[in-house]
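Colleague: I am new to this structure and would like to learn how to read it. Could you walk me through some features, one at a time?

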Amino acid sequence: MTEGVQIIVLPPSRWAEYRALRLRALQESPQAFGSSHAENVDRPDTFWIGRLRDAESGRTPLLFAEDDGRLIGLVGAYVEPDEPDVANIVTVFVMPEYRGRGVGRLLVDAILAEIALWPEIIAARLTVNLLQTAAVATYRQAGFTVVATERNRMGDGELHEELIMERPLTRDA
Ligand SMILES: CC(C)(COP(=O)(O)OP(=O)(O)OC[C@H]1O[C@@H](n2cnc3c(N)ncnc32)[C@H](O)[C@@H]1OP(=O)(O)O)[C@@H](O)C(=O)NCCC(=O)NCCS
């Protein structure tokens, strides 16, 4: 069902498409993200260009799902300096009209493969609002298990129960 969908690294010249997709995610699913539409809508162009430049350099990957030239989903990852062996997966989103076809799983698998290229990383971690049942199911299916819970204020301004999920990083021998 994901035929024709490609996972790509977006060139910085396409920053406006990245901005539009990210703002759509924050508007459509405010309870899913720690950041809000209001916090991001007025960011200067240089913010979006800079984020794509960082991704292109491989330091903080950002991968996009593209269908027939249209961006339909994204996923990112970063490593905290004080925990260099864990990659944090963030910004997971698929456009509502493309859901349920395996695109989310494709994105998660792609970012795990990217992270696996870094020899120092031993685990992937993410935090997900308990109410985002499709996201929780996607992560469970990708091998993540719940290691803790915490309450966080999300983009809708409300406090939500979040699951911290992890999975060890396996590499082909
Ligand atoms: C989470 C999200 C990215 C999943 O994208 P998707 O392309 O629909 O996911 P997939 O089609 O790859 O589905 C993967 C698995 O998730 C589960 N799933 C998908 N949609 C589901 C739903 N509505 N309810 C329950 N489980 C669901 C299924 O187990 C599915 O496996 P299956 O194909 O064997 O049934 C998408 O729902 C989304 O963007 N949600 C809003 C943003 C969000 O919650 N982001 C997470 C931030 S941490």
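Modeller: Happily! Keep in mind that this is a predicted model. Let us begin in the loop between α4 (103-115) and β5 (123-129), where we find P119.

Colleague: Is P119 buried or exposed?

Modeller: The idea is to look at relative accessible area: under 20% is buried and over 50% is exposed. P119 has a relative accessibility of 69%, so it counts as exposed. You can also place P119 by a distance: its C-alpha atom is 20 Å from that of G143, and the two are 24 residues apart along the chain.

Colleague: And W118, which is found in the loop between α4 and β5: buried or exposed?

Modeller: W118 has a relative accessible area of 15%, so it is buried. To see what is around a residue, look for contacts beyond its neighbours within four places in sequence. For W118 these are G58, R59, P61, V79 and R171. The C-alpha atoms of W118 and D85 are 9.1 Å apart, although 33 residues separate them along the chain.

Colleague: G58 is in that list. Where does G58 sit, and what is its phi?

Modeller: G58 follows helix α3, and its phi is positive, near 90°.

Colleague: Then let us look at α3. How does its span compare with what 12 residues should give?

Modeller: Here we count 1.5 Å a residue. For α3, residues 45-56, that gives an expected 16 Å; the end C-alpha atoms are 17 Å apart, which agrees.

Colleague: Which residues of α3 are buried?

Modeller: They are W48, I49, R51, L52 and A55. Looking down the axis of α3, you find these buried residues within an arc of 160°, so they line one face of the helix. The face turned away from that buried side carries the exposed residues T46 and R53.

Colleague: What do the buried residues of α3 pack against?

Modeller: Their partners are α1 (15-28), α2 (37-41), β2 (62-67) and β3 (70-78).

Colleague: Can we read α1 in the same way?

Modeller: Yes. α1 has 14 residues and reaches 20 Å from first C-alpha to last, close to the 20 Å expected at 1.5 Å a residue. Its buried residues are Y18, L21, R22, L23, A25 and L26. The cover over them includes α2, α3, β2, β3 and β4 (86-94).

Colleague: What about α2: which residues does N40, found in that helix, contact?

Modeller: Setting aside neighbours within four places in sequence, N40 is in contact with L23, L26, S35, F47 and W48. Its relative accessible area is 3%, so N40 is buried. S36, in the loop between α1 and α2, is buried too, with a relative accessible area of 14%. Beyond residues up to four places away in sequence, S36 touches L26 and G155.

Colleague: There is also a ligand. How many residues surround it, and which are the closest?

Modeller: The ligand has 22 residues around it, and the closest are V92, G100, G102, G104 and Q141. For more detail, look at pairs of polar atoms. A ligand nitrogen atom is 2.8 Å from a polar backbone atom of V92, and a ligand oxygen atom is 2.8 Å from a polar backbone atom of V94. With T138, it is a polar side-chain atom that lies 3.0 Å from an oxygen atom of the ligand.

Colleague: How much of the ligand's area does the protein bury?

Modeller: Taken alone, the ligand exposes 930 Å², and the protein buries 71% of that.

Conventions: Residues are numbered from 1 along each chain as its sequence is written. This is a predicted model: local features need pLDDT of at least 70, side-chain atom pairs count only at pLDDT 80 or more; totals for chains, interfaces and linings use all residues. Side-chain values use heavy atoms; hydrogens and water are left out. Helices (H or I, at least four residues) and strands (E, at least two) are DSSP runs, numbered from the N terminus. The expected span of a helix is 1.5 Å times one less than its number of residues. Buried means under 20% relative accessible area, exposed over 50%, partly exposed in between (1.4 Å probe, protein chains only). The arc is that of the directions from the helix axis to the C-beta atoms. Contact means heavy atoms within 4.5 Å. A residue is near a molecule or strand if one of its heavy atoms lies within 4 Å of it. A polar contact is a pair of N or O atoms within 3.5 Å; within protein, one must be able to donate a hydrogen and the other to accept it, and residues adjacent in sequence count only if both atoms are side-chain atoms. Accessible areas come from the Shrake-Rupley method with a 1.4 Å probe; for residues, only the protein chains shown count as cover.
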